[in-house]
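Colleague: Hi! I'm new to this one and would like a quick tour. Can I throw some short questions at you?

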Amino acid sequence: ILDSADLTNDESMTTSLSEEMNGTRDGRGRSVLVAGATGYLGKYLVQECKTRGFKVRALARSEEKLDWARTYADEVFIGEATQPKTLQGVCDGVDTVISSLGITRQTDNVTYDDVDYGANKTLLDLAQQAGVRRFIFVSVLNQHHVIFTDMVGARERMVNYLTAQSSVEWVVIRPCGFFVDMKEFLDMARQGRVWVFGDGSSLLNPIHGADLAKVCSDAIDGNASSEVPCGGPEVLSQRQVGELAFKALKSTPRITGVPFWLCDWVVLPILWIFSRRIWNIAAFMTALSKQDMVGPRHGQRRLLDFFEQALEEEERRAKK
């Protein structure tokens with residue numbers, strides 16, 4: 001179901017994505033399908049592509065998630081990516097598909113294999129049938145260290161499927177972590193203590209969604225058959241991320257390291273028995289904490305600013 005949407009302005013989101021308009025490529029009316037449009041990255045992708053002059057079609061799962069997409073996208077397509085019959089025509093007339101579809105904190109009765117692999121595979125099959133020129137897929141950096149987890153294993157199956165076909169140009173974007181994921185540190189700091197893996201010295205440079213949207217949008221006309229590693233402008237240790245969380249809260253840092261042996265031999269085995277979902281997250285974080293997660297630097301947005309803005313937004317909501 002295609003539904004036209006009127007374009008209006010949202011000061012907070014539009015400002016964040018219009019700061020760096022100079023130098024962006026002209027979409028010249030070409031159509032881009034953003035899958036996962038109502039997620040953290042997807043919202044920025046819709047706006048960034050629109051800023052560059054592309055005609056944006058947003059794929060939304062349900063009526064309840066449509067309000068935001070209707071505000072910014074030229075078209076909204078209502079469909080459930082795990083149900084192929086609801087997606088017929090979604091790629092018609094589209095030049096490029098950008099997919100960030102994947103399970104985050106969904107509580108639906110679906111698996112990583114259903115969404116991160118199956119739904120994206122369905123979308124790619126439809127893109128090939130519709131003659132789409134390019135398919136851009138967002139996965140993760142250092143995937144070989146965490147491919148044993150359900151979440152990354154499913155996404156890398158999709159990468160393998162994507163790169164094996166030849167009718168559609170492909171690009172795989174590999175960020176090393178999102179700013180929104182770092183809010184876990186902020187949540188722990190609010191509880192009075194931040195827990196890090198090992199001694200907290202492993203490095204990472206997470207990226208803001210708006211900056212990652214620019215990387216993805218650059219890939220629309222960038223090199224085909226390529227993988228694009230990327231990160232934000234700041235390289236930080238886990239411990240430094242924790243310190244920034246306490247700084248945003250204006251409180252004294254209390255950071256404690258959890259030995260890897262404890263994670264590997266006690267925590268993870270227990271989680272495996274009682275919660276496969278939480279095990280996946282913990283195993284993912286433990287494995288990545290054993291090496292640095294640093295990609296080429298992009299953007300200008302800083303993590304401390306993100307933390308402070310998140311706290312300000314929470315205060316505004318609490319007053320309503």
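Colleague: At what angle do helix α9 and α10 pack?

Modeller: Happy to help, and please keep in mind that this is a predicted model. Helix α9, residues 260–274, packs against α10 at an angle of about 160 degrees, and their axes are 7 Å apart.

Colleague: Are α9 and α10 roughly parallel or roughly antiparallel?

Modeller: Roughly antiparallel, because angles over 145 degrees count that way. The crossing of α9 past α10 is left-handed.

Colleague: Which residues make that contact?

Modeller: From α9 they are Phe 260, Cys 263, Asp 264, Leu 268, Leu 271, Trp 272 and Phe 274. On the α10 side, Arg 276, Ile 278, Trp 279, Ala 282, Ala 283 and Thr 286 take part.

Colleague: What about helix α6 and helix α11, at what angle do they pack?

Modeller: The angle is about 65 degrees there, and the axes lie 10 Å apart. Helix α6 covers residues 183–190, while α11 covers residues 303–319. In this pair, α6 passes α11 in a right-handed crossing.

Colleague: And which residues of α6 and α11 meet?

Modeller: Lys 183, Leu 186 and Arg 190 come from α6, and they meet Phe 306, Phe 307, Ala 310, Leu 311 and Glu 314 of α11.

Colleague: Switching to helix α4, how far does it reach?

Modeller: Helix α4 runs over residues 112–130, which makes 19 residues, and its first and last C-alpha atoms are 26 Å apart. That is close to the 27 Å expected at 1.5 Å a residue.

Colleague: Where is the kink in α4 centred?

Modeller: On Gly 118, with a bend of about 30 degrees. Another glycine, Gly 131, comes just after α4 and takes a positive phi of about 80 degrees.

Colleague: Which elements do the buried residues of α4 pack against?

Modeller: The strands are β2, β3, β5 and β6, and the helices are α5 and α10. Among the buried residues of α4 are Tyr 112, Val 115, Tyr 117, Leu 123 and Leu 126.

Colleague: Now α8, how does its span compare with the expected one?

Modeller: It agrees: the 12 residues of α8, 238–249, should span 16 Å, and the end C-alpha atoms are 17 Å apart. Its buried residues include Gln 238, Val 241, Leu 244 and Phe 246. The buried part of α8 packs against α6, β8, β9, β11, β12 and α11. Just after α8, Lys 250 has a positive phi of about 60 degrees.

Colleague: You mentioned β11. Is Ser 237 buried or exposed?

Modeller: Ser 237, which lies in strand β11, is buried, because its relative accessible area is 9% and buried means under 20%.

Colleague: What is Ser 237 in contact with, leaving aside neighbours within four places in sequence?

Modeller: Gly 200, Ser 201, Ser 202, Leu 203 and Leu 204. Ser 201 is 36 residues away from Ser 237 along the chain, yet their C-alpha atoms are separated by 5.1 Å.

Colleague: One last spot. Where does Ala 213 lie?

Modeller: In helix α7, which covers residues 209–218. Ala 213 is buried, with a relative accessible area of 0%.

Colleague: Which residues is Ala 213 in contact with, again leaving aside neighbours within four places in sequence?

Modeller: Leu 41, Tyr 44, Leu 45 and Glu 48. As for Phe 54, its C-alpha atom is 14 Å from that of Ala 213, and the two are 159 residues apart along the chain.

Definitions and conventions:
Residues are numbered from 1 along each chain as its sequence is written. This is a predicted model: local features need pLDDT of at least 70, side-chain atom pairs count only at pLDDT 80 or more; totals for chains, interfaces and linings use all residues. Side-chain values use heavy atoms; hydrogens and water are left out. Helices (H or I, at least four residues) and strands (E, at least two) are DSSP runs, numbered from the N terminus. The expected span of a helix is 1.5 Å times one less than its number of residues. The bend at a residue is the angle between axes fitted to the seven residues ending there and the seven starting there. Buried means under 20% relative accessible area, exposed over 50%, partly exposed in between (1.4 Å probe, protein chains only). Contact means heavy atoms within 4.5 Å. Axes are lines fitted to C-alpha atoms, for helices over the stretch in contact, and angles run from 0 to 180 degrees between N-to-C directions. Angles under 35 degrees count as roughly parallel, over 145 as roughly antiparallel, 65 to 115 as roughly perpendicular and the rest as oblique. A crossing is left-handed if the near helix is turned anticlockwise from the far one by less than a right angle, and right-handed if clockwise.
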